[in-house]
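Biologist: Please take a close look at the cysteines and the nonpolar packing here. I would like one connected account.

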Amino acid sequence: MGKSFVMILLFGGILWPSPGAILRNRFIGQKSPLTISVETSVRDTLRHDGQTRIYWVHIPPAYRKNGDSLPLVIALHGGGGSGQQFEVQSKLSEKADQEGFIAVYPDGLQNPGVLRLRTWNAGACCGQIASTQQADDVGFISKLIDKLVTTYQIDAKRVYATGHSNGAMLCYRLACQLSDKVAAIAANSGTMQLKTTCRPKRVMPILHVHSQLDRNVPYRGGVGTRSINKQWNPPVDSTLAVFAQLAKCNVQKQVIRTTDKYTLCKWADCQEGIQIQYYLTTDGGHSWPGGQKSARFIGDAPSEAFLNNDIIWSFFKTYSLP
């Protein structure tokens, strides 16, 4: 394998080509499957817990056209990925330009070793620096929200979090521990890994997307056959049942729609008019529906059931903090 392109499956995520390689493709006009047709995001940093944390901000054209405060979507990469990589994989910046919201792509902390893979502390997963040494990623995201709301014209009541794999796991931790700042979450291909009881300050609207073919984080729970660290994953239904109980929804989920490509379920009659929705696709594996394939040779092809960004934004825009 060439030195310029190293791939590895870890914690349900993919290590992509280096961010520098992605940016070089953008700037010098090389054709690449990783290139996206949106304006390059801005790199920035903040200090938290003795560490310099990195994040990338994408500002949509709507921000420059009017003085309105815009929503913010925090997009969390999978284990072994990065903020820049996830921007490309998810194509979320394209949706931000269409709908007029700001997107931010934070980086997880790097772990020891030659590859310096980035992960998030979602509780029981993932990585030596993030999980084993208990990195304060919830505190980092909280401080990041505060900084962005101060720096940009952002509606603090319309801040949302989405993520893939290890990033989805962190979304669930944010739902439990940062519900006063995050209005809703959308988790893709990752379940809750919290080690302590979930005690949110408010009930949380949740959208979950998963594939029946996911071999990294199986939707029925257990250890994925393609999982490198062999972590145990709770079933999707068990994760969502926790939040359904907190919101006093009906105990049993309802099947809303079934097609040959996906099934949509929801928990109904929840407090404060929130919804908990669950899309289970029949294709795709461990991927972002409608996004880029995570790695040319070993990554799963994205589901073609729907465009993840469309259903996520449709879900997010109906909720705001009290």
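Biologist: Which residues does Leu148 touch, not counting residues up to four places away in sequence?

Modeller: Leu148 touches Tyr55, Val57, Leu72, Val104 and Ile154, with residues up to four places away in sequence left out. Keep in mind that this is a predicted model. The average pLDDT of the protein is 87. A score of at least 70 is reached by 87% of the residues. Residues 1-36 need caution: pLDDT stays under 50 there. For that stretch the model has 84 contacts beyond four places in sequence.

Now the setting of Leu148. The largest nonpolar core has 81 residues. Leu148 is one of the members that touch the most other members. Ile74, Ile102, Ile141, Ile185, Phe243 and Phe316 share that listing. Helix α7, residues 166-177, gives the most to this core, with 7 residues. Another core lies apart from it and has 5 residues. Its members include Ala122, Cys126, Met169 and Val217.

Phe316 leads to helix α9. This helix covers residues 308-316 and is mostly covered, with 7 of its 9 residues buried. The buried set is Asn308, Asn309, Ile311, Ile312, Trp313, Phe315 and Phe316.

Next, the cysteines. A search of the whole structure turns up 3 disulfides. With the bonded cysteines numbered in sequence order, the pairing reads 1-2, 3-4, 5-6.

Start with Cys126, already named in the 5-residue core. A disulfide joins Cys126 to Cys125, with an S to S distance of 1.4 Å. The angle about this S-S bond is 65 degrees, and the link is right-handed. Cys125 and Cys126 are both buried.

Cys176 and Cys198 make another disulfide. Their sulfur atoms lie 2.1 Å apart. The S-S torsion of Cys176 and Cys198 is about -105 degrees, so this disulfide is left-handed. Cys176 sits in helix α7, while Cys198 sits in the loop between β10 (184-188) and β11 (206-211). The pair therefore ties together parts that are 22 residues apart in sequence. Cys176 is buried, and Cys198 is buried too.

The remaining pair to describe is Cys249 with Cys270. Their S to S distance is 2.0 Å. The torsion about the S-S bond of Cys249 and Cys270 is about 115 degrees, so the disulfide is right-handed. This pair links distant parts of the chain, 21 residues apart. Cys249 is in the loop between α8 (236-246) and β12 (254-258). Cys270 is in the loop between β13 (262-267) and β14 (276-281).

How covered are these two? The cut-off for buried is under 20% relative accessible area. Cys249 has 10% relative accessibility, so Cys249 counts as buried. Cys270 has 12%, so Cys270 counts as buried as well.

Two further cysteines deserve a check by the same test. Cys171 has 0% relative accessibility and therefore counts as buried. Cys265 has a relative accessible area of 6%, so Cys265 is buried.

To pull the threads together: Leu148 belongs to the 81-residue core, and helix α7 gives that core 7 residues. Helix α7 also holds Cys176, which is bonded to Cys198. Cys126 belongs to the separate 5-residue core and is joined to Cys125.

Definitions and conventions: Residues are numbered from 1 along each chain as its sequence is written. This is a predicted model: local features need pLDDT of at least 70, side-chain atom pairs count only at pLDDT 80 or more; totals for chains, interfaces and linings use all residues. Side-chain values use heavy atoms; hydrogens and water are left out. pLDDT is the predictor's confidence in each residue, from 0 to 100. Contact means heavy atoms within 4.5 Å. A nonpolar core is a set of buried Ala, Val, Leu, Ile, Met, Phe, Trp, Tyr and Cys residues joined through side-chain atoms within 4.5 Å. Buried means under 20% relative accessible area, exposed over 50%, partly exposed in between (1.4 Å probe, protein chains only). Helices (H or I, at least four residues) and strands (E, at least two) are DSSP runs, numbered from the N terminus. A disulfide is a pair of cysteine sulfur atoms within 2.5 Å.
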